[in-house]
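User: Please take a close look at the loops in this model. Start with one loop residue and work outward from there.

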Amino acid sequence: MTQNTFKPGDSASGFTVRSCDPLPELNASLIQLEHPATGARWAHINCDDDNNLFAVTFRTPPGDSTGIAHILEHTVLCGSELYPVRDPFFAMLKRSLSTFMNAMTAGDWTSYPFATRNRKDFDNLLGIYLDATFFPLLRRRDFLQEGHRLEFTEPQNAETPLLFKGVVYNEMKGAMASPSSFLYRRLTRLLYPTTCYRFNSGGEPENIPELTWEDLRNFHRQYYHPGNAWFYSYGNIPLTDHLQRVDAAVLQRLPARQVDSRVPQETHLTAPIRVTEPYPVDAGEATTGKSMVQLAWMTCPIDDSFERLALTLLSSLLLGNSGAPLYRALIESRLGGGIAPGSGYQDENRSTYFAIGLQGTEAEQTDAIAELIDKTLRDVVKTGFSRERIDGVIHRLEFAHREVSGDRNPYALSLLMRIIGPWLHSADPLTPLRLDEHLQRLRTELDQGDFFESRIRRWLIDNPHRVTLTLIPDPDLAKRQDAATSAKLADLAITLDSKHIDEIIADAAALQQSQEERENLDCLPTLQVSDIPLQELCTESRTENVAGEPVELFAQPTNGISYITAYLPINTLDETQLPLLSIWCSVITQMGAAGHSYITMAERMEAHTGGVSFSIEILDHPVKSGLFEPLVCIRGKALRHKQDELFSLLADYCSAPDFSDIERLRNVLKQLQVGFENAIPGNGHLYALRAGCARLSAASQLRENLSGFSLLKRIRTLVSSSDEELRQTASDLQLLGQQLTGRGRLRCAITAEEGDFSTILPALESFLQHLPMAGACHAFKTPAFSPQPAALGWAGSVPVSYVTRAFATVPYTHADAAPLMVLARLLRAEYLHREIREKGGAYGGQASYDAESGIFSVLSYRDPHLVRTLKVYDDAIAWAVGGDFSADALREALLSTFSAIDRPLAPGSRGGREFANQRQGLTLAMRQQLRERLLAVTAADLQRVAARYLRDGQEKSVVSVVSSEELLQKANEAIGDKKLQIARI
């Protein structure tokens, strides 16, 4: 029996087929099965995609905020019965060609997905994942490493202070420093007073040390059982193969058992509640305009699929674009800087909710914000929505449903995330994948009137289950939390007897010994270098002349969606205009154009496209180091029958943007500022690295200037400028656009299905003809640049550190590019992971080599250390130069390298990527040459490039760290001569 011949009632490997449903809009079908003997469920999406994905998910409602589900997620991946090694998960990252490997914990479930295009690899990883989840060792030492432990500051010296350590402990300290994460955790605590969502499933740092090893093992015994398992697979591997493997490896070994993991409906509040709480900011950070106000209502249960659709669309109608009534009212009120994170309809939990609020505000504005929201909702009930607007949000929903995504994560994973909540709580994975039936019902009920208005009244205006949460920035909160932790540790130290002291010292020594010892990994399966494809994949295209301009056409299976990518050189701009270029790209689609208001433009974009964006790309020369070309990249996408509307919208933005509404411009800039500031705690490593690389090359300096801390500083200046100054900025933006855009300068590429080009090209021709002709294009002149070694510290509201070091090396086509690429993978897997994550307790330690920019970097993520990590970097380089690594380690580094460079793109992105390669001069022959050089890399090559570019380049490298000012100052006390130059973010 093949998956194509399954029908309801069929049996295979102990499973019974419940249903087989076509998914025509996804070019796939859904097969649902159950395993009567154990109660396991299975959903398989059968399609012609070789990027196969498997996941097993368990419903894991936490009973407290110790992070038990999250710490268990980490610990089950630290060794199992068949694979009793220290870290099979991270070991397999380097023995695989996987396109995705991870595990994730949500508010009430934990999932373990992986994806790969290699069948042998799939079988290897399936065995690892099944044994890890159902038969883990859950050793105490792994719990101490991944969860939490007590350790003396000097591990073998009981006279030194006690510390809490652990990977998850430090991860959550960093996560809870993010304002958006803090807001979500505090909001759900209030919104769900009786169910599991009131707890922090990731773990509150102050509660994590309460978790015991026995608690962890009991939680696994309780929930990690087939009776509480939801299996999911996707792709073209026969389903029967999956069923046989899982049945033999797991289901035949575990007796049937009832598992009660059901999450009840939340008890309804009988009256609204209002709470004000502090959240931590750095002691040196200004608190003005840093409060957040969020209103939230509990809405329908997740098993009401039609009501979820209605609320999803209502969220878009109220908040979906800058012209939506609730979004517009809040932004134009000047009560805050931007919409609060997490606003809109949220349907992941058993009881769903709707939230809306403002960030970048003041606590005393809470009443005004709440009143404005209530007034706006009542006004909307009176006026309703036009049918055109409703059709627009339905179009956007249908577009999102149809689009095959998957650049960052596999498309199959996005489908799993779409179905997981309804599947776990209402046994319905099908409805989220099929919209047509509900949309037919929706259109019928819309004709009867009062559809969305009645829901506003029911779920928002008249709903007593409402929470109003105000978060106030508190620069002393982190100090008080640290003081409370120190006091707790001091009290613990007083109670320790000699037995407990000896145990803490022995645990530290045993853990260090296990981290240091070289393990025999022969029990783990692996691919070989011979499994790596020898040929670089080619994305074919053809060139056609449209309106006198060459246009590149890429035929791809895009499911009826077309994608345009267009490049504009910026060499007509002078040095005074360049700093405004990022602002121009960021605000242009938020403003009016061609006589249309920003509201009209937003509604046109929503009703007819999948989105339009302007951004900056800097393409490095693949041969000549130091040469690069900065470009404005314009992207747009639309369904095949919406081409005229897409290109009409692009024509208006490109030929007649309107920046004259300075109140609107200021509001957009405020939103940019708040969004930028909120992104830093979760991406500190990227911002630190970008700031450091700016000292190494002219291209990196421009990248930082246009997208790093320099841009944030510029945005802040504009936000605080006078109306007169902002009018001048608007005039400058207008002039910039006039100098930038023009038909003779634009180079376009279209990615679509072959049969759609005949519809697309006439619309493209009309767009190009609409543009004014541009003057002559001149080559971009690379600015003069001298590298500046430095040690930089960037102070912000982060209680952990992001430590980076960057080295300038060689460009893409240089013979040393290949060994540098492999060296980065080797350092990460064989040294940094052990020293920074396992021993140091950071969430991650990485190394990377960007062959296009020629920058080699090492970095840490959510790191409790700073000075120690810099020492680790020095030791890692010495280790690589010394060649203390095996032939297996080299092979694994090669596999890991190819896993990254061969990661598949979504169909709509393949053309855009190849178009960039063409513009950059990065030919298929060059990419094939790199591939062949990678396969020829030797251990001696790695030692040589480590010595030449890292050891000998240390004096020319740049250290750049994002952390709190207190931690940066403490580091400077210990560093000595090479102190960090500290600046506030």
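Analyst:
**Loops and their links**

Asn27 is exposed, at 55% relative accessible area. The cut-off for that label is over 50%, so Asn27 qualifies. The model is predicted. Asn27 belongs to the loop that runs between strand E2 (15-23) and strand E3 (28-35). Its backbone deserves a look: phi of Asn27 is near 55°, a positive value in a residue other than glycine. Most residues other than glycine have a negative phi.

A second asparagine belongs in this account. Asn559 has a positive phi of about 60° and is not a glycine. Asn559 sits in the loop between strand E19 (549-555) and strand E20 (561-569). Burial is another matter. Asn559 has a relative accessible area of 9% and is buried. The limit for buried is under 20%, so 9% falls inside that class.

Next comes a loop with a charge. Asp64 occupies the loop between strand E5 (52-59) and helix H1 (68-75). Its relative accessibility is 32%, so it counts as partly exposed. Asp64 does not stand alone. Together with Glu206, Glu210 and Asp215, it forms a surface patch of negative charge. Patch members need over 30% relative accessible area and no salt bridge. At 32%, Asp64 passes the area cut-off.

Other loop charges are paired. Take Glu204. Glu204 makes a salt bridge with Arg186, and the closest N and O atoms are 2.9 Å apart. Glu204 is in the loop between helix H6 (179-191) and helix H7 (213-223), while Arg186 is in helix H6, so the bridge ties together parts 18 residues apart in sequence. Both partners, Glu204 and Arg186, are buried.

A further bridge joins two loops. Arg640 and Asp756 meet through their side chains in a salt bridge, at 3.0 Å from N to O. Arg640 lies in the loop between strand E23 (628-639) and helix H20 (643-655); Asp756 lies in the loop between strand E25 (747-752) and helix H26 (757-770), so parts 116 residues apart in sequence are tied together. Exposure splits this pair. Arg640 has 37% relative accessibility and counts as partly exposed. Asp756 has a relative accessible area of 9% and is buried.

Now step from loops to helices. Asp723 and Arg666 form a salt bridge, with their closest N and O atoms 2.8 Å apart. Asp723 is in helix H25 (residues 723-740) and Arg666 in helix H21 (residues 662-679), so the contact ties together parts 57 residues apart in sequence. Asp723 is partly exposed, at 39% relative accessibility. Arg666 is buried, at 10%.

These pairs are among 73 salt bridges in the structure. Some charges join in a group. Glu516, Arg834, Glu835, Lys839 and Arg868 are linked in a network of salt bridges. Helix H27 covers residues 817-839, and Arg828 lies in it. Arg828 has 31% relative accessibility and counts as partly exposed. From Arg828 to Arg139, the C-alpha separation is 25 Å, with their positions 689 residues apart in sequence.

What about disulfides as links? A search of the whole structure finds zero. Cys633 shows why: its sulfur is 9.3 Å from the closest cysteine sulfur, in Cys585, which is too far for a bond. The cut-off is 2.5 Å, so this pair fails it. Cys633 is buried, at 0% relative accessibility. Cys693 is buried as well, with a relative accessible area of 9%.

One last reference point lies in a helix. Leu313 is part of helix H9 (residues 305-319). Leu313 counts as buried, at 1% relative accessibility. Its C-alpha is separated by 46 Å from that of Ala698, and the two are 385 residues apart along the chain.

To return to the loops: Asn27 is exposed, Asp64 is partly exposed, and Asn559 is buried. Glu204 is paired with Arg186, and Arg640 with Asp756.

Technical notes:
Residues numbered from 1 in each chain as written. Predicted model: local features only at pLDDT ≥ 70, side-chain atom pairs only at ≥ 80, totals over all residues. Heavy atoms only, no water. Patch = residues over 30% accessible without salt bridge, like charges linked within 9 Å, V, L, I, M, F, W, Y side chains within 5 Å. Areas by Shrake-Rupley, 256 points an atom, 1.4 Å probe, with all protein chains shown as cover. Salt bridge = Lys/Arg side-chain N within 4 Å of Asp/Glu carboxyl O. Lys, Arg positive; Asp, Glu negative; His and termini not counted. Charge placed at Lys NZ, Arg CZ, Asp CG, Glu CD. Helix = DSSP H or I, 4+ residues; strand = E, 2+ residues; numbered from the N terminus. Buried < 20%, exposed > 50% of the residue type's maximum accessible area, 1.4 Å probe, protein only.
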